[in-house]
Each structure stands twice: as C-alpha cells, then as structure tokens.
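Here's a quick tour of the empty spaces and the strands in this model. Have the viewer open as you read.

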Amino acid sequence: MKPGKTNKPPAPELRRAVDELLEYDFGSDLVRYLRATGYEYVSGDIQLRLAAEFGFCYGVDRAVEYAFAARYRFPDRRIYLTGEIIHNPRVNRRLAEMGFRFLPAGDAGEARYRDLAAGDVVVIPAFGADAREMAYLLDRGFEIVDTTCGSVLNVWKRVRLYAEREFTSVIHGKHDHEETIATCSQVTAARPDGAYLVVRDLHEAEALAEMIAEADFSAFSDLFPAARASRRFEPERDLERIGLANQTTMLESESRTIQAVLKSATARRYGDEDLNDHFLAFDTICSATEDRQKAVDDLIAGGVDRMIVIGGFNSSNTGHLLEISLGRVSAYHIESAECLLDRERIRAKPENGEPEIMKGWLPAGPQVVGITGGASTPDSVVGRVISRVLELGGGTPPSRETIRATLEGI
Ligand code: SF4
C-alpha cells in the first residue's frame, strides 16, 4: 500500500467492529440508562443530576474511532501518536495497551523522530499537529492517520486567511497547549513572516486593549513574554491589524467578551469607519464546547449542592467546566472514581493548582450532586463515578435487570 495521509472514516465493516470495541471499552449501560430516563436518579442520601451534555464530543469520538481502526488496518506495523490523542488517562492507557507508542515530547526536531522507521504509521490527535511536524512526516513517507477535528481546522482556516491578508492573529488560548501550538504554526505556514499573539484570559485582553487604544506599548513585554508571540513581534507594527481566533476549548463567554473588548479598542484607535481595515473576527467557538458549558450553567441554575466535574487533570475543557461551577457551588475536578476516597476525602484539582486531597466534600444528610464530564471523558469513567457517589451516599445504582429492561425497551 502506498503511504500517504488519510482523514477518511474507516470502511463500514471495520467501523462496525471498531464501534463495538469502543462501546465495550468506553461505554456505560448505567449512563445510557440515565440519559434515557431523564438525567436524574435518587438513592440513599443522593439526588443525582447529570448535565444535559457531557462526555465525548464529536471530535473526540472520531479521533478515538480512527485510532482504533488504524490498529485493525495496520495490525503488523508500529503505530505512533504525536502526543496524547485526547487528554484522558483512561483512553491513553488503553491505546498503550493496544501497542500504540508515543513520540517523545519536545519540539519538532530529529530527537523527537529518532525512533521512527520506514513503514511506521503516525496518528495525529484531535488537536492537530504543528505544521512543520506534519510536513516532516509527510516528506519522509510515513503513513499518516489524521484525526484533527473539523472545528480545529476551521480555526486554522481563519488564521491562515488573517496571515494572507497581513493581519496578526490574536488567539485566545494557552500558548503551551498542543492545539494552540498547532494553530500558531498555521500562521507561519501560510506566511513565513506572519504574526500571532496568544492571550490567555480577559484580564490580559483588557490590558492589551488599553495598549491598542492608547498606542502605548511600553508594558507589552512585561505582560507577553516572547513565547506568547511570533518571532520578532513588534507591538506597534503587529497590532495595527488584528484578527481574532481561539483555542476551541476555552471558556466560550470569555472568548466572545475578549473579541468585543479588542474590537472596541481598535475602533477607539482607528475610528468606526476604518475598523474593517484593522479588525477581523469570525465565530470559531466549537459547538460541543459551548453545549457542555451551557449544560453546566443550566444544571447549577436548576439547583445542586455540589458539582463533580470529571476529566483528565490536563484537560483544558474540563478545567473550564470547573471554572463555570466554582463560585456558585462547591465543585471538584476529579479524574476517576478512585479520586472519591470516602465521604470525607476527595482527590481533586483546584482551578490553576495541582491535585490535592480535599476534605468535607460530601456532608452528611441529603445532597443534590450535579455531575458532568469533559469532552474527552468516556462514559465508562462517568458511570463508575456515579456508582461510587451513590455508594458513598448510602444508595445503590439501578439493578442490572432494570437497566437491561429499560434499554431493551428503547
Ligand atoms: S472540543 Fe470541539 S474542537 Fe475539540 S475535539 Fe471536541 S468537537 Fe473538536
């Protein structure tokens, strides 16, 4: 078979086999039951409420399906991933068990590729890959299975357009996240002297807006270290014409506000008549991210005493589900059921901190517990967390017979 790049779905028979395996590995009858019966369940002290949208998004579903299918298509070949396919330890462990290998972390360079040999297959994760890395892998004739999500490709299309029109891409994201690294690389792939700047949050955007409006960039380098911007970035020159983009998993409301703040600052500086020559923006918020964030908002508005947010500790979108919850109710970001040590202690990750043991997470007496999971959290993990919460609250999940009878009736 001639090597190349594929981003096409597997053939129907292979797809059926893969989907069965995925259901076995990552599905949960309990979660399916709860979805089918109104997202609520009461037992013991616990009144459980599930967010209306949680767990694997369409991009993650597709990435994991393509990776599993690659194992079937190339049973005798070594398969590498350029990084975690998604940010969930359960999924990455499963891929490692299936023989997937990971390229060593680090910048695109010979050290990262030294283990690759002719005939190897390389899977690109849902976040995409650095454009230079992709060019290197294609050049050397490796078989590429590209699972880059369509919503990420949509962002890339925008930043490439900005670069071609000599606008600087201002990207709301985390500069060291794989997706944002890949998005920045698209700017310079489209135009070698293309410029970009990564803005982490509204606070930074407001400071940047003030600099643009006042044309005073004296504080720029204090706020934006070199790693956040393209090489030889000159704020006076490179912030004259800006186009907005975002990492797809950022807080949706914050991305929209940042866009509005920078648009207004640009209008203050250049006037409304000339705004289109200096400011561009497209909606590149991923709908799956938006739906999951809105579902948490709605769940809390409906009344919960505490929230459990499930997802990899390095998962950006899960972190934002926690951020939405905190300040409104007690909320805990956990990776799996093993984090629920007992009714008193929970191993959870605070916002912007390292995982730690927290106390008093599930007080005695009746409790309404809201549950959600990030876009990279399998239902199997959510299901085990639900069972554990019920157990700690002195309750039990529905019996296997009840679940089976309900699911058969659907
Ligand atoms: S969160 Fe959005 S952009 Fe990211 S993989 Fe899922 S659907 Fe794609």
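## The second largest pocket

In this predicted model, the lining of the second largest pocket splits into six nonpolar, five polar and seven charged residues. That makes 18 lining residues, with Ser28, Asp29, Leu30, Arg400 and Ile403 lying nearest the centre. The space in there comes to about 470 Å³.

Where does the lining come from? At least two residues each are supplied by α1 (12–26), α2 (29–36), α15 (379–392) and α16 (400–408).

## Two cavities

Now for the closed spaces: there are two cavities of 30 Å³ or more. The largest cavity has a volume of about 280 Å³, and 23 residues line it, with Cys57, Val60, Phe127, Thr248 and Thr249 closest to its centre. By class, its lining has eleven nonpolar, eleven polar and one charged residue. Helices α3, α7 (150–164), α13 (287–301) and α14 (316–325) each chip in at least two residues, and α3 gives the largest share, three residues.

The second largest cavity holds about 30 Å³. Its lining is Thr289, Arg292, Gln293, Asn317, Leu321 and Ala375. Here α13 and α14 are the elements that give two or more residues, with α13 providing the largest share, three residues. Sorted by class, that's two nonpolar, three polar and one charged.

## The parallel sheet

Five strands make an open sheet with parallel pairing, in the order β1-β7-β6-β4-β5. Each of β1 (5–6) and β5 (100–102) has a single partner strand, so one side of each edge strand is left without a neighbour in the sheet. Further in, β4 (residues 79–81) and β6 (residues 121–124) pair over three bridges, and one to look at is isoleucine 79, whose bridge partner in β6 is valine 121.

Two helices are worth checking against this sheet. Helix α6 (residues 131–139) packs on it, touching β1, β6 and β7, with its direction at about 140 degrees to that of β7. Helix α3 (residues 58–73) lies across β1, β4, β5, β6 and β7 (143–146), and runs at about 150 degrees to β7.

## The hairpin

Strands β2 and β3 form a hairpin with two residues between them, and glycine 44 in the turn has a positive phi of about 55 degrees. The pairing of β2 with β3 (residues 46–50) is antiparallel, over four bridges, and valine 42 stands opposite glutamine 47 in β3.

Which side chains of β2 (residues 40–43) are buried? Tyr41 and Ser43 are, pointing to one face, whereas Glu40 and Val42 point to the other and are not.

Methods
Residues are numbered from 1 along each chain as its sequence is written. This is a predicted model: local features need pLDDT of at least 70, side-chain atom pairs count only at pLDDT 80 or more; totals for chains, interfaces and linings use all residues. Side-chain values use heavy atoms; hydrogens and water are left out. Two strands pair if DSSP finds at least two bridges between them. Contact means heavy atoms within 4.5 Å. Axes are lines fitted to C-alpha atoms, for helices over the stretch in contact, and angles run from 0 to 180 degrees between N-to-C directions. On a 1 Å grid over the protein atoms alone, a cavity is a set of points where a 1.4 Å probe fits but cannot get out, and a pocket is an open set with protein on both sides within 12 Å along at least five of seven lines; lining residues have an atom within 4 Å of a point. Grid points are joined across faces, edges and corners, and a volume is the space filled by probe spheres set on the points. Ala, Val, Leu, Ile, Met, Phe, Trp, Tyr, Cys and Pro count as nonpolar, Asp, Glu, Lys and Arg as charged, and the others, Gly among them, as polar. Buried means under 20% relative accessible area, exposed over 50%, partly exposed in between (1.4 Å probe, protein chains only).
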